[in-house]
Amino acid sequence: MSAEKPWEFDTLALRAGTARSAFNENSEALFLTSSFRFDSAAQAAARFADQEPGYVYSRFSNPTVTMFQDRLAALEGAEACVATASGMSAILSTIMGLLSAGDHIVCSRGVFGATVQLLTTILPRFGVEVSFVSPTNPAEWQAALKPNTRLLFVETPSNPLTEISDIAALAGIAHSGGAWLAVDNCFCTPALQRPLDLGADLIIHSATKYLDGHGRVLGGAVLGRRELVMDGVFKFLRTAGPSLSPFNAWVILKGLETLRLRMEAHSTNAMEVARWLEGRRGVERVYYPWLPSHPQHALAKAQQRAGGGIVSFQLRGGREAAWGIIDATRMISITANLGDTKSTITHPASTTHGRITPEARAAAGITDGLVRVAVGLEAVEDIKADLARGLPA
Ligand SMILES: *Cc1c(COP(=O)(O)O)cnc(C)c1O
């Protein structure tokens with residue numbers, strides 16, 4: 001018999017990882033249980049000793065969480081996936097699971113604010129040092145490598161400027177230096193970009209964003225080869241405990257079913273908003289990878305299937321103008337979250353990136369006039385009309 005053709009992305013998003021209980025339910029079950037029963041003391045001993053497969057305790061594993069992990073692994077083309085309580089705990093678990101005191105990380109300057117905080121204020125206390133480099137200049141990454149560099153960390157597109165990093169080039173640099181490349185794939189999701197196919201070793205997700213996609217729960221995940229994810233990250237997670245709750249896993253699992261449809265719709269709306277903003281008075285510059293004016297437009301087209309949902313723009317008039325357009329909105333939600341079906345608007349300099357130093361902010365290009373919109377799935381005419389309220393006529 002010939003091998004069956006593997007399922008396409010859309011089929012995997014609905015069916016990969018499904019495990020049915022004795023009731024043969026069609027929709028995935030939510031297993032709200034902290035522990036699992038054993039038939040005997042001998043079975044309990046065997047499960048604890050890893051001599052027999054099976055569930056023990058939901059800090060280690062849970063069937064609903066396993067379904068989410070298996071489905072996301074299928075979508076990213078990964079051998080293994082471990083779910084975490086949030087995106088930040090995915091980053092923390094990766095570093096705690098794979099690095100030791102004395103190790104060095106090279107990190108893009110264009111990463112999430114809390115990631116910068118973690119790398120600069122917490123990890124140095126445990127002997128892990130970090131260098132920050134340009135997201136768009138691979139030569140800087142090469143030059144920053146040291147004999148003790150173990151991890152290169154990048155987010156592409158970056159938050160909030162949507163800078164694009166060359167994943168294949170950074171993977172080559174990492175491997176030449178005996179290090180791993182981790183890609184935070186939050187903005188694209190596997191529907192638009194698959195970093196492992198481009199040579200990355202690890203993928204980080206904040207499932208809080210597009211994977212859930214409806215702004216409901218926190219969650220995260222780490223994906224990659226089995227030895228990195230299971231022997232490294234999972235061993236830390238099962239002991240330290242930043243595990244994903246089964247309830248959140250169930251919510252995100254159902255979110256995955258519509259991931260590609262949503263990402264395409266977000267991208268279509270975002271492209272329309274970006275084009276429209278580019279011609280407006282008061283707007284100095286628009287950042288969106290699918291605009292031909294974007295400095296890494298060609299790389300984005302080669303690496304991604306669409307532009308994604310995040311549009312940032314620089315207003316003339318600094319913070320006053322930025323707060324002005326935000327406060328003039330009546331429909332778009334003023335909130336720091338992104339990846340929701342509802343459009344959200346943020347002033348990065350005073351919120352998501354408010355805790356990093358003004359110098360670091362300036363180096364990352366996050367000026368006072370910058371506004372970030374996570375374009376949602378409302379009618380695009382309504383989104384544009386809401387943004388137009390705070391712009392010069
Ligand atoms: C939100 C976010 C994180 C952190 O995720 P949480 O789920 O909020 O902990 C990490 N990386 C990126 C790119 C994000 O947008």
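**A tour from strand β4 to the ligand**

Select Cys 107 and Phe 153 to begin: Phe 153, in β4, is the bridge partner of Cys 107. The model on display is a predicted one.

Next, widen the selection to the strands that hold this pair. Strand β2 covers residues 104-108, and four bridges join it to β4, the two running parallel. Colour residues 149-155 to show β4 itself. Is this strand mostly covered or mostly uncovered? Six of the seven residues of β4 are buried, so by the criterion of under 20% relative accessible area the strand is mostly covered.

Now select residues 180-184, which form strand β5. Five bridges join β4 to β5, and these strands also run parallel. For one pair to display here, take Val 154 and Val 183: the latter, in β5, is the bridge partner of the former. Add helix α7, residues 167-176, to the view; together with β4 and β5, this helix makes a right-handed β-α-β unit.

Proceed to the ligand and show its surroundings. Among the residues around the ligand are Ser 86, Gly 87, Met 88, Phe 112, Glu 155, Cys 186, Lys 209 and Gly 219. Asp 184, Ser 206 and Thr 208 also belong to this set.

Three distances merit display in turn. From an N or O atom in the side chain of Asp 184, a nitrogen atom of the ligand is 2.7 Å away. For the side chain of Ser 206, the distance from an N or O atom to a ligand oxygen atom is 2.9 Å. At Thr 208, a side-chain N or O atom is 2.6 Å from an oxygen atom of the ligand. Finally, display the ligand surface: on its own the ligand has 380 Å² of accessible area, of which the protein covers 92%.

Conventions: Residues are numbered from 1 along each chain as its sequence is written. This is a predicted model: local features need pLDDT of at least 70, side-chain atom pairs count only at pLDDT 80 or more; totals for chains, interfaces and linings use all residues. Side-chain values use heavy atoms; hydrogens and water are left out. Buried means under 20% relative accessible area, exposed over 50%, partly exposed in between (1.4 Å probe, protein chains only). Two strands pair if DSSP finds at least two bridges between them. A crossover is right-handed if, with the strands pointing away from the viewer, the path from the first strand over the helix to the second runs clockwise. A residue is near a molecule or strand if one of its heavy atoms lies within 4 Å of it. A polar contact is a pair of N or O atoms within 3.5 Å; within protein, one must be able to donate a hydrogen and the other to accept it, and residues adjacent in sequence count only if both atoms are side-chain atoms. Accessible areas come from the Shrake-Rupley method with a 1.4 Å probe; for residues, only the protein chains shown count as cover.
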